[in-house]
Amino acid sequence: MKPVFPDTNAIAHAADLLRKGRLVAFPTETVYGLGADASNPDAVAGIFKAKGRPTDHPLIVHIADIDSLADWASTVPDAALKLADRFWPGPLAMILNKKPEVPLAVTGGQQTVGLRMPDHPVALALLKSFGGGIAAPSANRFCRISPTQALHVYEELGNSVDMILDGGACQVGVESTIIDLSGNKPRLLRPGLITSQEIADILKTDINIPQASKPTEIRVPGMMEVHYAPSTPAMLYPAEQLPDRIRLLQTSGKKCGLLSCQLEITETSQLCVLRLPQQADAYAQRFYAALRELDSLQLDLILVEKPLQTEPWQAINDRLRKATTAYLHSL
Ligand code: TXA
Ligand code: MG
C-alpha cells in the first residue's frame, strides 16, 4: 500500500484496521513505527512476521496519555511519573513491570513492558481514535536502517503493511531513549535525544549505563545487540585519517560513499559525499536517510567521519557503532 495523507478519514480508517488486527505504519517524532493492537497477540504476531524479527525481541507499546501507564504497568513508580511529566509526549520509552493481562507476545516473553507517548500529531490522533495501546517497533525489516520518511517504510515493507500514514520526515530522526525502571536502579538501555544526564537530573539519582551502551566501549563479538546496519559495509574513521584512507581506496579502484560532518572533501566519480550538519540534533534528523541514500548506490564501502564523543552525540555514536561494527568484526 502506497503511503496516504493522514486526514481525519485516513486516521479513522487506520484505527479501524488496527481494531481488525491489521498493521498500520505511522509517523512518530523519532522514526516511523509499524503498529498493531497491543492487546491482540495475533495482530502482534503480524508485526514480527512483516519485519522478519525474532519473537523474543520485545516491542514498545505506544499510549495516548500519561494516565494510560496504569493500563499496562502493574505499578507506576514515582520515577516514571516524574519522567512522563517532564518528557512526554516525547522520545523517551520506559520499561516497567507489566500487568498480568499484557500479552507475552508484546513483551517478548518478559515480565516487563516498554511504554511511550509519542510526540507527533498523527501518532496521537491515531492513538486517540483507536482508543488503546499500539505496539510498534521501527517500521524496517529486522536489522535494517530505521525509516524516517513514509517512502522508506514502503521500500522496506511494501504490501506486507495494510496502511502507511505519511506524516513527512521525522523531526528527531533516531529512536527514543529507553530507560529501564523495573529494577532497583534506573538503567539506560538505549541512548536517544533525551540524555542520561537529563534523566538523572529529574530523578536526582545516578543512572546505570550497561557496558554495551557506553559510547566509548569496544564491542565484543557475540555480545552485540541488534545492528542497525546498511547492507554496504560501513566503517568509522576520525576526520584526520579520512583523506589518506580515501586516496588508498581510490587507487585500488573502490567506489566509496562518505558521510561527513566537519570534513570538506571534493566528490569524484569514485567518491560520493553527503555532508551532514555539525549540530547533533540536525545531524540526527538526517542521519538515517543519508545512510539509506548511500546504501542504495551500490558502493563498495561507506566511510563515516567519526563525530564528537560528547553527550549530545551519544545516540548518534551508539547507532554508528552498530552500523559499522558488523564490517569491522568480519575483517
Ligand atoms: O523511537 C522509538 O522507540 C521507535 C518508535 C516507532 O516509537 N520504536 C522503536 O522500536 O525503536 P524498536 O522495536 O525498533 O525498538 C524497541 C527497543 C528494542 O531494542 C527492545 O529490545 C526494547 O525496545 N524493549 C522493548 N520492550 C522492552 C522490555 N520490556 N525490556 C527491555 N527492552 C525492551
Ligand atoms: Mg528498531
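In this predicted model, an oxygen atom of ligand 1 lies 2.6 Å from an N or O atom in the side chain of His62. The protein covers 88% of the 670 Å² of accessible area that ligand 1 has on its own. The domain assignment divides the chain into domain 1 (8-203) and domain 2 (234-329). The points below take up the ligand site, the two domains, helix α2, and the residues Glu175 and Met163.

**Ligand 1: polar pairs and shell**

- Besides His62, the side chain of Ser176 has a polar atom 2.6 Å from an oxygen atom of ligand 1.
- The side chain of Thr112 places an N or O atom 3.0 Å from a nitrogen atom of ligand 1.
- There are 23 residues around ligand 1, and those that come nearest are Thr30, Arg53, His62, Ser176 and Arg190.
- Sorted by class, the shell consists of 11 nonpolar, eight polar and four charged residues.
- Three elements each supply two or more residues to this shell, namely β3 (60-62), β5 (112-116) and β9 (187-190).
- The most comes from β5, which gives four residues.

**Domains**

- The C-alpha centres of domain 1 and domain 2 are 29 Å apart.
- In the contact between them, domain 1 takes part with 24 residues and domain 2 with 14 residues.

**Glu175**

- Glu175 sits in the loop between β7 and β8 (177-180).
- Glu175 has a relative accessible area of 3%, and therefore counts as buried, the cut-off being under 20%.
- One polar contact of the Glu175 side chain is with the side chain of Ser146, at 2.5 Å.
- Another joins the Glu175 side chain to that of Arg319, at 2.8 Å.
- Arg319 falls within the bounds of domain 2 (234-329), whereas Glu175 falls within those of domain 1 (8-203).
- Apart from residues up to four places away in sequence, Glu175 touches Thr30, Val31, Ser146, Arg190, Pro191, Gly192, Tyr228, Tyr288 and Arg319.
- Two of these, Thr30 and Arg190, are also among the residues that come nearest to ligand 1.

**Helix α2 and its ends**

- Helix α2 spans residues 41-51, and its buried residues are Ala43, Val44, Ile47, Phe48, Ala50 and Lys51.
- The cover over these buried residues includes β2 (33-37), α5 (104-107), β6 (134-135) and α7 (150-157).
- At the N-terminal end, Asn40 acts as the cap of α2, with a side-chain oxygen 3.0 Å from the backbone nitrogen of Asp42.
- Gly52, just after α2, has a positive phi of about 70°.

**Met163**

- Met163 belongs to strand β7, which covers residues 163-164.
- Why is Met163 classed as buried? Its relative accessibility is 4%, and the class takes in values under 20%.
- Leaving out neighbours within four places in sequence, Met163 is in contact with Met1, Val4, Ala10, His13, Ala14, Leu17, Leu23, Val24 and Ala25.
- Arg22 is 141 residues from Met163 in sequence, while their C-alpha atoms are 8.8 Å apart in space.

How values were computed
Residues numbered from 1 in each chain as written. Chains lettered and ligands numbered in written order. Predicted model: local features only at pLDDT ≥ 70, side-chain atom pairs only at ≥ 80, totals over all residues. Heavy atoms only, no water. Near = heavy atom within 4 Å. Polar contact = N/O pair within 3.5 Å; in protein donor to acceptor, adjacent residues only side chain to side chain. Areas by Shrake-Rupley, 256 points an atom, 1.4 Å probe, with all protein chains shown as cover. Nonpolar A, V, L, I, M, F, W, Y, C, P; charged D, E, K, R; others polar. Buried < 20%, exposed > 50% of the residue type's maximum accessible area, 1.4 Å probe, protein only. Contact = heavy atoms within 4.5 Å. Domains from an automatic or database assignment.
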